[in-house]
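The following exercises are to be worked through with the sequence and the coordinates at hand. Each task is followed by a solution in steps.

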Amino acid sequence: MSYYSRLQKAFEGAIRLPLNHQTKYVLFSDCHRGTGTSNDNFLKNQTLHLATLQYYFKTGYTYIELGDGDELWENRCMEQIIEAHNDIFRLLSLYDRHKRLYMLYGNHDMVKKNTSYTAKPCTQTLFADMKFHESIILENNTSQSARDIYLTHGHQADLLNSVFWRFARFLVRYVWKPLEYFGVMDPTSAAKNYTRKQKTELRLQDFAEKEGHIIITGHTHRPVLSETDSFYCNCGSCVHPYSITCIEIERMHISLAKWALAVRSDMSLYVAREILAGPFPLR
């Protein structure tokens, strides 16, 4: 099966959510929440993400996570991840109780597509009846000519991380994870391998243009939002050095936001939100 067919298949039967002037969505991807050890790439940005969750909840956004939320290639135990980032999961469960939480799975948490995995008592305590999806379609019902927005993780455009994900997981868990202590980069990762990253992004852009839909993904960790090339967007990740990025959709406009620590004139620290691109109107 080609990457194009895998992407087409990913959106078959996708759940549909409304997209109009009243809806507000914030899209995050690739949090890679770990167990709080030195291998936990999310740990350095945990406070930043906690601030974003509080902000978007108070301002009425629906939270959508586009996969790789939890690092389940390097780690086997979801319970340890929840324990390490309990504050994050408590806020996510608050979104869930208000029916404002949707979660996709990516290649690093592919096991979440199995109901036997998500039915574990620990997961059910936080997310009652939570179902993890491969894709979501934001259905633009403002006009007949308006384009829908297709959401998925993006690993479908990467053969190793989709079809052969179990082999890639084996390499990460038993080869690259130990070598990470010595600064060795994982060549199987689209986020860390420039050639793989560029190839994956070109495939996703090609799919979006041919299908005539806006597609928003994660996977490569490189944030992308452009008014001219408006078919392919990427919300980046939560494991950038000292910052996280996300995409906001509000009042039929789309923006790329960055959250990072900043310093006031009195030398006190605060969490700052910066708009990197947009807002651009959705057509």
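**Exercise 1. Backbone conformation and burial**

Task: Determine whether His221 is buried or exposed, and describe its backbone and its place in the chain.

Solution. The model is a predicted one. The relative accessibility of His221 is 17%. The cut-off for a buried residue is under 20%, so His221 counts as buried. Its phi is near 70°, a positive value in a residue other than glycine. His221 belongs to the loop between S7 and S8.

Task: Carry out the analysis for Lys99: is this residue buried or exposed?

Solution. Lys99 has a positive phi of about 60° although it is not a glycine. Its position is the loop between helix H4 (86-97) and S4. The relative accessibility is 69%. Exposed residues are those over 50%, so Lys99 counts as exposed.

**Exercise 2. Contacts of a histidine**

Task: State where His219 is found, and identify polar contacts of its side chain.

Solution. His219 is located in the loop between strand S7 (214-217) and strand S8 (232-234). With 5% relative accessibility, His219 counts as buried. Its side chain is joined to that of His153 by a polar contact of 3.3 Å. A polar contact of 3.5 Å links the side chain of His219 with the side chain of Asp158.

**Exercise 3. Aromatic pairs around Phe28**

Task: How many aromatic pairs does a search of the whole structure find? Classify the geometry of Phe28 with Tyr56 and of Phe28 with Tyr63.

Solution. The search of the whole structure gives twelve aromatic pairs. For Phe28 and Tyr56, the ring centres are 6.1 Å apart and the planes stand at 70°. An angle over 60 degrees counts as edge-to-face, so the pair of Phe28 and Tyr56 is edge-to-face. Phe28 lies in strand S2 (residues 24-28) and Tyr56 in helix H2 (residues 46-58). The pair therefore ties together parts that are 28 residues apart in sequence. Phe28 is buried at a relative accessible area of 0%, and Tyr56 is buried at 1%.

Next, Phe28 and Tyr63 are 5.5 Å apart centre to centre, with 20° between the planes. Planes under 30 degrees apart count as stacked, and the aromatic pair of Phe28 and Tyr63 is stacked. This pair links distant parts of the chain, since Phe28 is in strand S2 and Tyr63 in strand S3 (residues 62-66), 35 residues apart. Both Phe28 and Tyr63 are buried.

Task: Which residues form one aromatic cluster with Phe28?

Solution. The cluster consists of Phe28, Tyr55, Tyr56, Phe57, Tyr61, Tyr63, Tyr95 and Trp259.

Task: Describe the placement of the charged end of Arg147.

Solution. The charged end of Arg147 sits over the ring of Phe231, at 4.4 Å from the ring centre.

**Exercise 4. Surroundings of strand S3**

Task: Establish why S3 is described as largely enclosed, and find the strands with which it pairs.

Solution. Five of the five residues of S3 are buried, so this strand is largely enclosed by the rest of the structure. Both faces are covered: on one side Thr62, Ile64 and Leu66 are buried, and on the other Tyr63 and Glu65.

S3 pairs with S2 in the parallel sense over four bridges, and the partner of Leu27 in S3 is Ile64. Between these strands the chain passes from S2 through H2 to S3, a right-handed β-α-β crossover. S3 also runs parallel to strand S4 (residues 101-104), to which four bridges join it. There, Ile64 has Tyr102 as its bridge partner.

**Exercise 5. The sheet as a whole**

Task: In what order do the six strands form the open sheet, and which are the edge strands?

Solution. The order is S4-S3-S2-S9-S10-S11, with mixed pairing. S4 and S11 are the edge strands, each pairing on one side only. The twist averages 20° from one strand to the next.

An antiparallel pairing is found between strand S9 (residues 243-250) and strand S10 (residues 253-263), joined by eight bridges. Ile247 stands opposite Leu256 in S10.

Task: Which peptide bond is cis, with omega near 0°?

Solution. The bond in question runs from Gly278 to Pro279. Pro279 is found in strand S11 (residues 269-281), which is an edge strand of the sheet.

How values were computed:
Residues numbered from 1 in each chain as written. Predicted model: local features only at pLDDT ≥ 70, side-chain atom pairs only at ≥ 80, totals over all residues. Heavy atoms only, no water. Phe/Tyr/Trp six-rings, centres within 6.5 Å; stacked < 30°, edge-to-face > 60°. Helix = DSSP H or I, 4+ residues; strand = E, 2+ residues; numbered from the N terminus. Buried < 20%, exposed > 50% of the residue type's maximum accessible area, 1.4 Å probe, protein only. Lys NZ or Arg CZ within 6 Å of the ring centre and 35° of its normal. Polar contact = N/O pair within 3.5 Å; in protein donor to acceptor, adjacent residues only side chain to side chain. Pairing = 2+ DSSP bridges. Right-handed = clockwise from strand over helix to strand, strands pointing away. Axes fitted to C-alpha atoms, helices over the stretch in contact; angles between N-to-C directions.
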